[in-house]
Amino acid sequence: MNSRRDFLQKLSLGIGAATLTDLTPGIAAPVTSNVPADKQLRVALMGLGGYADIVARGMKECKTARLVGIVTGTPSKIPVWKQKYGIEDKNVYNYENLHEIKNNPDIDLVYVITPNSLHHKHVLQVAAAGKHVVCEKPVADNAKQAREMIAACEKANVKFYIGYRLHFEPHTKELVRMREAGEFGKIMHVNNYAGFKIGDPTQWRLKKSLAGGGAMMDVGVYSTNGARYCTGEEPIWVTAQESKTDPVKFKDVDETVTFQLGFPSGIIANCGCTYNFNHVEMLRLMGEKGWAEMNPAFGYGPIRGTTHKAAIDQPDVNHQAYQMDGIADAILNGKPDPNVTGEEGLKDMLVIDAVYESLRKNGAKVFIKK
Ligand code: NDP
């Protein structure tokens, strides 16, 4: 990144490529929750990079979910995380002995936060160990893998969720509530863009073998998911175009993608995503009776939104804490699943597959395969 401001913006969008190195020893998280220990969801994080650290810090605010374990391939991170988050030795794993987690009664769920193309393998391993699993976005490299992950979790009788934190975020939830209540009338158009200017050219996000794709995989998922929660419909076709202004840096993955989603009602969402410019985090919904605009729409917050009526007046919350407590509530208290199941990840993946197929076919219209 060019500046600290850009760096913060990238982290804020939740897509940062840089690993947070803010792992200086600190004091273990105080237990502030009133929920008895035997009623808490005990979580291990897998892949201790930039986003895992943000999740770990957020989880200090959780009431029902509690960080108790780690899975890492980097031994030097272990003492730092043990001290910073109060992790006990018995809850520390690496990628080779991960299967042994099945014998650990003190871990209920593993949260997979590794590079995209490892999600499939890691979720299958966690399911085989009989633990519930949260997997970061994008769920996998393609819909076929996503289906295999869903099937493996069903077979193992464990819950499978995707880290779609915005589904727990109050401004976003209010937008969806208003749409469902008909306050915008019939939705006529949606427009949204997500992205940032990516830094270090050697990072895994620019390698197809670890990232699965470029901007479309990483941040196109926000535009796609946003278009789906703005319309409440599932797209049936896509067209897509890529602009590549830096073919050297983006030789392996897509740089900037614009794509259109066609919905059964006949409306079209215009979407985009980029890895090559900043300040791109907007969503606009236009209905027959009203409109909503969110900007910033996809970052860690604060999320800001306005409608034809007024500003969306909702509290700013810690996304990661709300997400993990929401998931804990569903698992422990039998509440309905939040809208972040593996199926939700699969629905976005079907769109992403179709976008890449359209790109390969020079922007041809591609019908989404269910
Ligand atoms: P980082 O590169 O910062 O961290 C990834 C971690 O994965 C590494 O630190 C490493 O942890 C582990 N890892 C295992 N194998 C490899 C490998 N071959 N190469 C590199 N790392 C490896 O990535 P992020 O934390 O930014 O992203 C991780 C995932 O989280 C991605 O899927 C991304 O899309 C998602 N994400 C989601 C966000 C959201 O808002 N929902 C925000 C940011 C990212 P260790 O050394 O412990 O093994």
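**Exercise 1. How close do the axes of helix α5 and helix α11 come, and at what angle do they cross?**

First, a note on what you're looking at: this is a predicted model, where local features need pLDDT of at least 70, side-chain atom pairs count only at pLDDT 80 or more, and totals for chains, interfaces and linings use all residues. Residues are numbered from 1 along each chain as its sequence is written, and side-chain values use heavy atoms, with hydrogens and water left out.

Step 1. Find the two helices: α5 is residues 143-155 and α11 is residues 342-360. Helices here are DSSP runs of H or I with at least four residues, strands are runs of E with at least two, and both are numbered from the N terminus.

Step 2. Take the axes, which are lines fitted to C-alpha atoms (for helices, over the stretch in contact), with angles running from 0 to 180 degrees between N-to-C directions. For α5 and α11 they come within 8 Å and cross at roughly 165°.

Step 3. Put a word on the angle. Under 35 degrees counts as roughly parallel, over 145 as roughly antiparallel, 65 to 115 as roughly perpendicular, and the rest as oblique. α5 and α11 are therefore roughly antiparallel to each other.

Step 4. Add the hand: the crossing of α5 past α11 is left-handed. That word applies if the near helix is turned anticlockwise from the far one by less than a right angle; clockwise makes a crossing right-handed.

Step 5. List who touches whom, with contact meaning heavy atoms within 4.5 Å. From α5 come A143, A146, R147 and I150, and they meet G342, E343, L346, M349, L350 and D353 of α11. Sorted by class, that contact has 6 nonpolar, 1 polar and 3 charged residues. (Ala, Val, Leu, Ile, Met, Phe, Trp, Tyr, Cys and Pro count as nonpolar, Asp, Glu, Lys and Arg as charged, and the others, Gly among them, as polar.)

**Exercise 2. Work out the strand order of the open 6-stranded sheet and say which strands stand at its edges.**

Step 1. Read across the sheet: the order is β3-β2-β1-β4-β5-β6, with parallel pairing. Two strands pair if DSSP finds at least two bridges between them.

Step 2. Look at the ends. β3 (92-93) and β6 (160-162) each have a single partner strand, so one side of each is left without a neighbour in the sheet.

Step 3. Check one pair in detail: β1 (residues 41-46) and β4 (residues 109-112) share 4 bridges in the parallel sense, and V43 has L109 as its bridge partner in β4.

Step 4. See what lies on the sheet. Helix α3 packs there, touching β1, β2 (65-71) and β3, and its direction makes about 170° with that of β2.

Step 5. Bring in the helix that α3 meets. The axes of α2 (residues 50-59) and α3 (residues 77-85) come within 11 Å and cross at roughly 20°, which makes α2 roughly parallel to α3. Their crossing is right-handed. A52, D53, A56 and R57 of α2 meet W81, K84 and Y85 of α3, a contact with 4 nonpolar, no polar and 3 charged residues.

**Exercise 3. Trace the antiparallel partners of β11.**

Step 1. Start with β7 (residues 187-195), which 8 bridges join to β11 (residues 280-287) in an antiparallel run. As a marker, H189 has M286 as its bridge partner in β11.

Step 2. Move on to β12 (residues 291-294), which pairs with β11 in the antiparallel sense over 4 bridges. Here R284 has E293 as its bridge partner in β12, and a hairpin joins β11 to β12 through 3 residues.

Step 3. Set this against the record. An unreviewed UniProt entry lists residues 174-292 as "domain: GFO/IDH/MocA-like oxidoreductase". UniProt positions are in the numbering used here, feature names are shortened, and annotations may be inferred rather than shown by experiment. Over residues 174-292 the chain is 23% helix and 34% strand, with the end C-alpha atoms 11 Å apart.

**Exercise 4. Describe how β8 is paired.**

Step 1. 7 bridges connect β8 (residues 237-243) with β9 (residues 256-262), and the two run antiparallel. T239 has Q260 as its bridge partner in β9.

Step 2. β8 also pairs with β14 (residues 366-367), in the antiparallel sense over 2 bridges. There, V238 stands opposite V366.
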